[in-house]
Amino acid sequence: CDQVVDNLLPFLLMSQQGGGGVAHGAHIGGFVAGLVAALGLNGWDRLRGRRRLRDLPEPDEEGGATAETLVQAQLAGDARRAVRCYFTLPAGERQRAPVTVVADLADQLAAEGQADVALAIYQRALGDHPGGPRRDRLLLGAGLILLRHKGRATPAYQYLLDVLDADPEPAVAAEARRALAEIAELQKLPFDRRN
């Protein structure tokens, strides 16, 4: 907004006085072209994201998606259908979905480079299972994506600390400690590896 005022106002004033105004016109043109390009690129990214969601198959069950259809899709190796099922599950059905199946789905998506979708699944599952078993895997997955895919060490750090408080399995605890050490190295923070 400041750039518009800074460039447009002198242009308008100069054009009334018979002055050149070419430089201001060039600046305004550059500003408008940059704005259009930025909006176009942002719109293209959104369009690509919507197109990917539209390509996902709808659940074909008459009653809609259930926790069982999610499990079946994941066990059959149909991640696309499992994702669609998961995001169309009513809250009660999401809470019935086994945490290990949901974590496996999110892990698979993260490994395939779909970090945003995986993170959304981890975070939604954490909300659906605030104190359930195997919560450690959801916390670890969210923390690793935030750290390694998003470059957001601070929220990753909290997720990874929460893993150690969630009575984790030894392999999950070891991975969380490695990631915490990565963060400590990145930020040059002291980290006690004995915890």
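Is Asp-167 buried or exposed? Select Asp-167 and show the surface: Asp-167 is exposed, with a relative accessible area of 71%. Keep in mind throughout that this is a predicted model.

**Stop 1: confidence**

Colour the chain by pLDDT. The average is 78, and 64% of the residues score at least 70. Now select residues 44–62. Here the pLDDT is below 50. Beyond near neighbours in sequence, the stretch has 19 contacts in the model. Where pLDDT is low, the predicted coordinates should not be read in detail.

**Stop 2: two loops**

Go back to Asp-167. Asp-167 sits in the loop between H9 and H10. Check its backbone: phi is positive, about 50°, although Asp-167 is not a glycine. Most residues other than glycine have a negative phi.

Next, select Arg-134, in the loop between H7 and H8. Arg-134 also carries a positive phi, about 65°, and is not a glycine either. How exposed is Arg-134? Its relative accessible area is 22%, so Arg-134 counts as partly exposed, the cut-off for buried being under 20%.

**Stop 3: the largest nonpolar core**

Move inside. The largest nonpolar core has 43 residues. Which helices feed this core? Select H3 (67–75), H4 (79–88), H6 (99–111) and H7 (115–128). Add H8 (135–149), H9 (153–165) and H10 (170–187). Each of these helices supplies at least two core residues. H8 gives the most, with eight residues. In soluble globular proteins, nonpolar side chains tend to be buried together.

Within the core, pick out Leu-70, Tyr-86 and Leu-105, the residues that touch the most other members. Start with Leu-70 and show its contacts, leaving aside residues up to four places away in sequence. The partners are:

- Ala-82, Cys-85, Tyr-86 and Leu-89, among those touched by Leu-70
- Ala-97, Val-102 and Leu-105, also touched by Leu-70

**Stop 4: the aromatic pair**

Stay on Tyr-86 and add Phe-87. What geometry does this aromatic pair have? The rings are edge-to-face, 5.6 Å centre to centre, with 80° between the planes. The structure holds one aromatic pair, so there is no second one to look for.

Finish by comparing the two partners on the surface view. Tyr-86 is buried, with a relative accessible area of 1%. Phe-87, at 31% relative accessibility, counts as partly exposed. The pair thus joins a buried ring residue, Tyr-86, to a partly exposed one, Phe-87.

Technical notes
Residues are numbered from 1 along each chain as its sequence is written. Side-chain values use heavy atoms; hydrogens and water are left out. A nonpolar core is a set of buried Ala, Val, Leu, Ile, Met, Phe, Trp, Tyr and Cys residues joined through side-chain atoms within 4.5 Å. Buried means under 20% relative accessible area, exposed over 50%, partly exposed in between (1.4 Å probe, protein chains only). Helices (H or I, at least four residues) and strands (E, at least two) are DSSP runs, numbered from the N terminus. Contact means heavy atoms within 4.5 Å. pLDDT is the predictor's confidence in each residue, from 0 to 100. Rings of Phe, Tyr and Trp (its six-membered ring) pair if their centres lie within 6.5 Å; planes under 30 degrees apart count as stacked, over 60 as edge-to-face and the rest as tilted.
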